[in-house]
Each structure stands twice: as structure tokens, then as C-alpha cells.
Amino acid sequence: MRRNPYVFTELGVAMLSSVLTSTTAIQINMGIMRAFVAVRQMIAENSPIKRLVTLEHNFADLKQELEEIFADYNDINEDTRAQIEAINTSLAELQAKTTARPRRPVGFIKPDEHQ
């Protein structure tokens, strides 16, 4: 059982335009052919291969940046790391000393007068 087509291929539209010669049919066929051309251009511009190449370039750039960051991070030598550790230790000791000393209460009443 044969059915009428719901769509035409580009070749079918070209064949139909050679049969139908009315002004309206020619205008409609020209519009349909322009639509096929626009779809073909859209597919060519947004091709998966082009997007894949762009993604590969972006990935390579990110990889290079990460390698540079890790190289800079690893450039800190052991002396510098030891100095940073000594600074952190000194700061921790200073913080411990300041919190160990009892503080005066805030206000107008001296601790001796309060008892």
C-alpha cells in the first residue's frame, strides 16, 4: 500500500520544479531549495568534527596551563618549605603564648574591688 510522501528530498524538489511551471509552484520550490541550502550550510558550520577539533585545542591549552602551574608549584625547594614550616611553627607558638596569659576583665570594676 503506497502512501503520499510527507517530505521531499532535495532531488525530489528539483525534479518537481521541472514539472510544475506555475509562478506559485516555482516560488515555493525556490523557497524549499533555499531551506535545503541553509540546512546544509548549518550542518557544515556546526560539524561534529569541527567541534571536536575545537574541544581538542581547548583541552590541550588547559593541559598546558595545568602543567605550568604544577611546575611552578614544584619549583619551591626544600629550603623554602623548611622556612615556611618554621614560620608556621613560630606563629603557632606565639598564638599559644597569647592565649595562655589570663586577661583582665573588661569594665570599670577592678578585680580587687569586686571580691
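I take a patch to be made of residues with over 30% relative accessible area and no salt bridge, with like charges joined within 9 Å.

**Entry 1. The model as a whole.** I note that the model is predicted. I looked up the secondary structure and found 5 helices and 0 strands in the protein chain. Along the sequence, I read the pattern as α-α-α-α-α. I then turned to the surface: the protein chain exposes about 11,300 Å², of which carbon and sulfur atoms supply 61%. Of the 115 residues in the protein chain, buried residues make up 4%.

**Entry 2. A charged patch.** I asked which residues gather in a patch of negative charge on the surface. I found Asp61, Glu65, Glu67, Glu68 and Asp72 there. I chose Glu67 for a further look and placed this residue in helix α3, which covers residues 48–74. I recorded Glu67 as partly exposed because its relative accessibility is 42%, and partly exposed lies between under 20% for buried and over 50% for exposed.

**Entry 3. Phe36.** I located Phe36 in helix α2, residues 23–45. Its relative accessibility is 25%, so I entered Phe36 as partly exposed. Which residues is Phe36 in contact with, leaving aside its neighbours within four places in sequence? I listed Phe8, Thr9, Glu10 and Val13. For Val13, I also looked up the separation from Phe36: the two are 23 residues apart in sequence, and their C-alpha atoms are 9.9 Å apart in space.

Notes: Residues numbered from 1 in each chain as written. Predicted model: local features only at pLDDT ≥ 70, side-chain atom pairs only at ≥ 80, totals over all residues. Heavy atoms only, no water. Patch = residues over 30% accessible without salt bridge, like charges linked within 9 Å, V, L, I, M, F, W, Y side chains within 5 Å. Areas by Shrake-Rupley, 256 points an atom, 1.4 Å probe, with all protein chains shown as cover. Salt bridge = Lys/Arg side-chain N within 4 Å of Asp/Glu carboxyl O. Lys, Arg positive; Asp, Glu negative; His and termini not counted. Charge placed at Lys NZ, Arg CZ, Asp CG, Glu CD. Helix = DSSP H or I, 4+ residues; strand = E, 2+ residues; numbered from the N terminus. Buried < 20%, exposed > 50% of the residue type's maximum accessible area, 1.4 Å probe, protein only. Contact = heavy atoms within 4.5 Å.
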